[in-house]
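Visitor: I am new to this structure and should be grateful for a close look at one part of it. Please take me through the interfaces in some detail.

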Amino acid sequence: MRETDIAVIGAGPAGLAAALACGESGATTLLVDFMDAPGGQLIKQTHKFFGSERQFAGTRGIQIPDIIMDQLSKMPNVALMWGTNASGYYADSGVLTLEDGARFIKAKAKRVIIATGAAEKPLAFENNDLPGVYGAGAVQTLMNVHGVKPGDRVLMVGSGNIGLIVSYQLIQAHVEVVALVEAAGRIGGYLVHAAKLRRAGVPILTSHTVVRALGEETVRAAVVAEVDQSWQVKPGSEREVACDVICLAVGLTPLVDMMWQAGCEMKYVPALGGHVPVRDENMRASNPAVYVAGDAGGVEEASSAMISGEIAGISAARSLGFEVKEADARLAQLKADLAAIRSGPTGEKICAGIKCATVCGGEW
Amino acid sequence: MLRDIEKNGIVKWEDVQASRGCPGEGRAKKGPVAVIECLQEIPCNPCETGCRFGAITVGDPITNLPVLDEEKCTGCGTCVAVCPGLAIFIEDESKDGPEAMVSVPYEYMPVPERGAEVRATDRSGQVICDAKVVNVRKPKGFNKTAVVTLAVPREYVHVARGIAIQ
Ligand code: SF4
Ligand code: SF4
């Protein structure tokens with residue numbers, strides 16, 4: 001059986017940052033991802049990042065995997081496995097089961113950092129199984145990874161940063177975005193993103209939702225309607241919008257199956273997108289061999305995912321006795337960066353959620 | 001009270017003017033100057049770190065709104081390209097004649113060429129006037145965001161904020 005000090009599951013922004021911190025400490029590190037290349041969601045993120053320079057602000061998401069992989073590939077103690085599913089974790093023995101399509105592999109890890117990210121939430125409406133109804137992640141993958149136009153006229157549903165950014169990227173790909181609807185009374189994502197969409201002429205309709213997809217074989221139109229404060233459709237407000245794609249960007253939910261399997265204490269925290277593991281300030285779960293990083297611990301931005309990944313990496317390596325250069329100072333800086341990113345009105349909900357998901361007193 | 005921008009995404013010039021990211025009336029008559037249209041406290045500061053003249057301050061915490069020092073600003077346009085929110089523009093009313101210059105960030109293809117006749121749009125995407133592209137900058141440091149300078153009739157200097165996509 002393969003053995004490693006630390007296994008990192010998921011090579012998105014959180015997993016890459018975690019593996020880098022583990023690798024620097026000298027711990028043998030195994031980084032696993034089910035995709036054929038590292039980066040996770042970063043490989044579709046053609047826009048420039050927010051945050052500060054320490055979180056690659058101003059760099060485009062797609063440029064970040066190369067920067068980190070350049071460092072990781074020079075570390076002899078770091079092993080990389082792409083195209084490999086982490087299918088199970090057995091907490092009693094610390095054994096991970098992996099399969100790469102051809103082989104079933106067992107790996108024993110002293111610590112596991114779970115950076116599995118999040119999955120898109122669906123939306124219930126009439127005919128939502130009609131071809132042409134996509135999740136925003138799929139639209140982004142088609143466009144930005146495979147260079148395939150998802151359609152010609154898109155109705156975007158959801159005004160969080162994903163809905164706003166994917167709409168912008170659609171316009172960049174010369175696809176018309178006929179409107180963006182948002183059921184809440186206000187825009188959920190950053191107003192600067194909304195403003196650039198508006199400048200491109202896209203109507204943003206808050207207090208509106210999609211009630212029905214129309215079409216026989218594929219989507220040919222959507223029926224949108226105004227909703228009141230209790231989310232009920234206002235009678236008579238329904239109208240038809242011609243489109244061939246209805247793109248859903250209505251939120252994400254953390255992918256936490258391995259943490260359930262690891263017997264971690266879990267909590268349902270709506271502000272973080274669903275069930276998340278209870279953790280301490282160093283991202284350790286109730287099972288002392290398990291750490292969580294990134295969206296798997298609560299849905300946020302890629303910049304916060306990279307920070308929580310680094311915190312988890314440093315902490316996991318340290319817990320095994322590995323020397324991490326200036327660990328205390330780095331951890332203090334990272335935690336301050338996280339607090340700063342979550343400050344202000346856009347971070348209020350996240351802060352409340354994190355507080356709810358953090359073990360009382362911040363330490364196990 | 002919900003501000004309109006939170007409902008429809010349209011930035012209002014009055015709100016920009018009331019913010020500390022906006023130069024004072026008349027500053028653009030002396031030469032090009034940045035107009036920062038970033039009105040929500042988000043965790044972001046490339047405008048501050050990208051300006052080598054120290055003309056923009058975000059400070060600590062990083063969610064502070066950017067503050068412009070119009071005396072230090074040279075109108076160089078670097079912040080226009082590095083702002084991930086594409087929320088900064090350059091206004092220049094210093095040239096004689098009926099036109100003013102507005103520089104906008106541009107990330108669509110094809111990027112218009114210098115000398116091209118285009119149509120300028122306002123903050124809601126409505127076409128407002130014809131405009132001439134007088135400069136296009138896209139050095140490597142701008143990381144694929146072009147900064148396009150438009151000559152527009154003077155009365156549109158605070159209104160022209162985009163180019164109708166060709
Ligand atoms: S235009 Fe140049 S000098 Fe003025 S704020 Fe922007 S980067 Fe600084
Ligand atoms: S870089 Fe742009 S979005 Fe970020 S704080 Fe500065 S002006 Fe606002």
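Visitor: Into which domains is chain A divided, and where do they lie along the chain?

Guide: The model shown here is predicted. Chain A is divided into domain 1, made of 2-119 together with 252-357, and domain 2, which covers 122-248. Taken over C-alpha atoms, the centres of domain 1 and domain 2 of chain A are 31 Å apart.

Let us begin with the meeting of these two domains. On the side of domain 1 of chain A, nine residues are in contact with domain 2 of chain A, which contributes 13 residues. The size of an interface is often given as the accessible area lost when the parts come together. For domain 1 and domain 2 of chain A, the buried area is about 920 Å², and carbon and sulfur atoms account for 61% of it. Three residues, Lys44(A), His47(A) and Phe50(A), supply 54% of the area that domain 1 of chain A buries against domain 2 of chain A, more than any other three residues. As for the interactions, zero salt bridges are found between domain 1 and domain 2 of chain A, whereas seven residue pairs are in polar contact there, both residues of each pair being at pLDDT 80 or more. By class, the side of domain 1 of chain A that touches domain 2 of chain A comprises three nonpolar, four polar and two charged residues.

We may now turn to the interface with the other chain. In the contact of chain B and chain A, 44 residues come from chain B and 38 residues from chain A. About 3300 Å² is buried between chain B and chain A, with 54% given by carbon and sulfur atoms. Within chain B, the residues that lose the most area to chain A are Gln40(B), Pro43(B) and Tyr108(B), which together make up 17% of what that side buries.

Two salt bridges are found across the interface of chain B and chain A. A salt bridge joins the side chains of Arg186(A) and Glu6(B), at 3.2 Å from N to O. Polar contacts across the interface of chain B and chain A involve 21 residue pairs, with both residues at pLDDT 80 or more. The elements giving two or more residues to the side of chain B that touches chain A are α1 (4-8), α4 (46-50) and α5 (78-82) of chain B. Of the elements on that side, α1(B) gives the most, with four residues. By class, the side of chain B that touches chain A holds 21 nonpolar, 13 polar and 10 charged residues.

Conventions: Residues numbered from 1 in each chain as written. Chains lettered and ligands numbered in written order. Predicted model: local features only at pLDDT ≥ 70, side-chain atom pairs only at ≥ 80, totals over all residues. Heavy atoms only, no water. Contact = heavy atoms within 4.5 Å. Buried area = accessible area lost by both parts, 1.4 Å probe. Salt bridge = Lys/Arg side-chain N within 4 Å of Asp/Glu carboxyl O. Polar contact = N/O pair within 3.5 Å; in protein donor to acceptor, adjacent residues only side chain to side chain. Nonpolar A, V, L, I, M, F, W, Y, C, P; charged D, E, K, R; others polar. Domains from an automatic or database assignment.
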